[in-house]
Structure formats: C-alpha cells, structure tokens
Amino acid sequence: VRSLRTLISTFRDEEYITTIGLQGRARQKVVVLVALKENISALKKTKAYFHAYYLSNMLTHKKVNFKDKSLVDKIEVLVNDQINNAWENFALNADKSGWDLSSSEFQSDGYLIEIA
C-alpha cells in the first residue's frame, strides 16, 4: 500500500497514478485505475497506459486472489519497482521499430482495465 505522500510525489513526478480498485454494485469487478494530470505529455500518457497494462498483466499472470489484500498490495509494489526498467525496454524496442511514443494521440483522460 502506497502512502499518500508517495502517491502525491508520484503524481507530481510522473504526472499519473495507477492503482487497483473494485468497481460495481457489489464491488466484485477488479480494475486498474489510471489518474492523469491535466495537460500530461503524450509520452507520459503512453507510459501511464503501459503501466496499467503491465500491472493488469501481472495480476492476471499470477492468478491473484483479489480477496488476499496483502498479495494484491505486494504485486502492486513489485510492479511499481519494475515499471521504469520495463518502460525503458519497451520504449527502446518501440523506437527501434519506428514508433514515436512522444506523438501518441490517446484521447482519454483516464482509464480502467477490467481484470477478467
């Protein structure tokens, strides 16, 4: 679990926050939430979506029981520790493939990934 201070620092530095949440009337649907800073750059927005995908993929791959809050928190911390290296590798490979991540045209101001 990240502290409020950590979340604020992350939001200031990265211009986005990702976290895991529950949605729906019975709060049964697990989602990855992304909050984007106003006027976030295209590159940072792309990184935010990459982070959300990476987190959802890790949760799905590990077949996490979402009732086990401590395990969910550990996965979230693990992903937060790994995300910069994963992003650098992705960005390098994207650049080698001719993708210009700084000119993405995402039209979303926030985003949910539903975990199946």
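Visitor: Why is Phe 90 called partly exposed?
Guide: This is a predicted model, and in it Phe 90 has a relative accessible area of 29%. Buried means under 20% and exposed means over 50%, so at 29% Phe 90 falls in between and is partly exposed.

Visitor: What makes the aromatic pair of Trp 87 and Phe 90 tilted?
Guide: Their planes are 40° apart. Stacked needs under 30 degrees and edge-to-face needs over 60, so 40° leaves tilted. As for being a pair, the ring centres are 5.8 Å apart, inside the 6.5 Å limit. Both residues sit in helix 3, 3 residues apart, which means about one helical turn separates them.

Visitor: And how do you know whether Trp 87 is buried or exposed?
Guide: Its relative accessible area is 9%. That is under the 20% cut-off, so Trp 87 is buried.

Visitor: How many aromatic pairs does the structure hold?
Guide: There are 5 aromatic pairs. One of them joins Phe 50 and Phe 90, with 4.8 Å from centre to centre and 25° between the planes. Since 25° is under 30 degrees, this pair counts as stacked. Phe 50 belongs to helix 2 and Phe 90 to helix 3, so the pair links parts of the chain 40 residues apart. Phe 50 itself is buried, at 14% relative accessible area. Both of these Phe residues join Tyr 54, Trp 87 and Trp 99 in one aromatic cluster.

Visitor: On to charges. What makes Lys 47 and Glu 14 a salt bridge?
Guide: Their side chains come to 3.0 Å, N to O, and the limit is 4 Å, so the pair qualifies. Lys 47 is in helix 2 and Glu 14 in helix 1, so this bridge ties together parts 33 residues apart in sequence.

Visitor: What about Lys 44 and Glu 14: how do you know they form a salt bridge?
Guide: The closest N and O atoms are 3.9 Å apart, which is still within 4 Å, so this one passes too. Here again helix 2 meets helix 1, and the parts tied together are 30 residues apart in sequence. Glu 14, Lys 44 and Lys 47 are thus linked in a network of salt bridges.

Visitor: Why does Lys 44 count as partly exposed?
Guide: Its relative accessibility is 23%, and that lies between 20% and 50%, so partly exposed is the right word. Glu 14, at 19%, is under 20% and therefore counts as buried. Lys 47 is buried as well, at 7%.

Visitor: How do you know that the length of helix 2 agrees with what it should span?
Guide: The 20 residues of helix 2, at 1.5 Å a residue, should span 28 Å. The end C-alpha atoms are 28 Å apart, so the two values agree. Just after this helix, Lys 63 takes a positive phi of about 50°.

Visitor: Which residues have the most contacts inside the largest nonpolar core?
Guide: They are Ile 20, Leu 36, Leu 55, Leu 59 and Ile 75, in a core of 17 residues. Strand 1, strand 2, helix 2 and helix 3 each give two or more residues to this core, and helix 2 gives the largest share, 6 residues. A second, separate core of 6 residues includes Phe 50, Ile 83, Ala 86 and Leu 101.

Visitor: How do the elements run from the N terminus on?
Guide: The order is α-β-β-α-α-β, made of 3 helices and 3 strands.

Definitions and conventions:
Residues are numbered from 1 along each chain as its sequence is written. This is a predicted model: local features need pLDDT of at least 70, side-chain atom pairs count only at pLDDT 80 or more; totals for chains, interfaces and linings use all residues. Side-chain values use heavy atoms; hydrogens and water are left out. A nonpolar core is a set of buried Ala, Val, Leu, Ile, Met, Phe, Trp, Tyr and Cys residues joined through side-chain atoms within 4.5 Å. Buried means under 20% relative accessible area, exposed over 50%, partly exposed in between (1.4 Å probe, protein chains only). Helices (H or I, at least four residues) and strands (E, at least two) are DSSP runs, numbered from the N terminus. Rings of Phe, Tyr and Trp (its six-membered ring) pair if their centres lie within 6.5 Å; planes under 30 degrees apart count as stacked, over 60 as edge-to-face and the rest as tilted. The expected span of a helix is 1.5 Å times one less than its number of residues.
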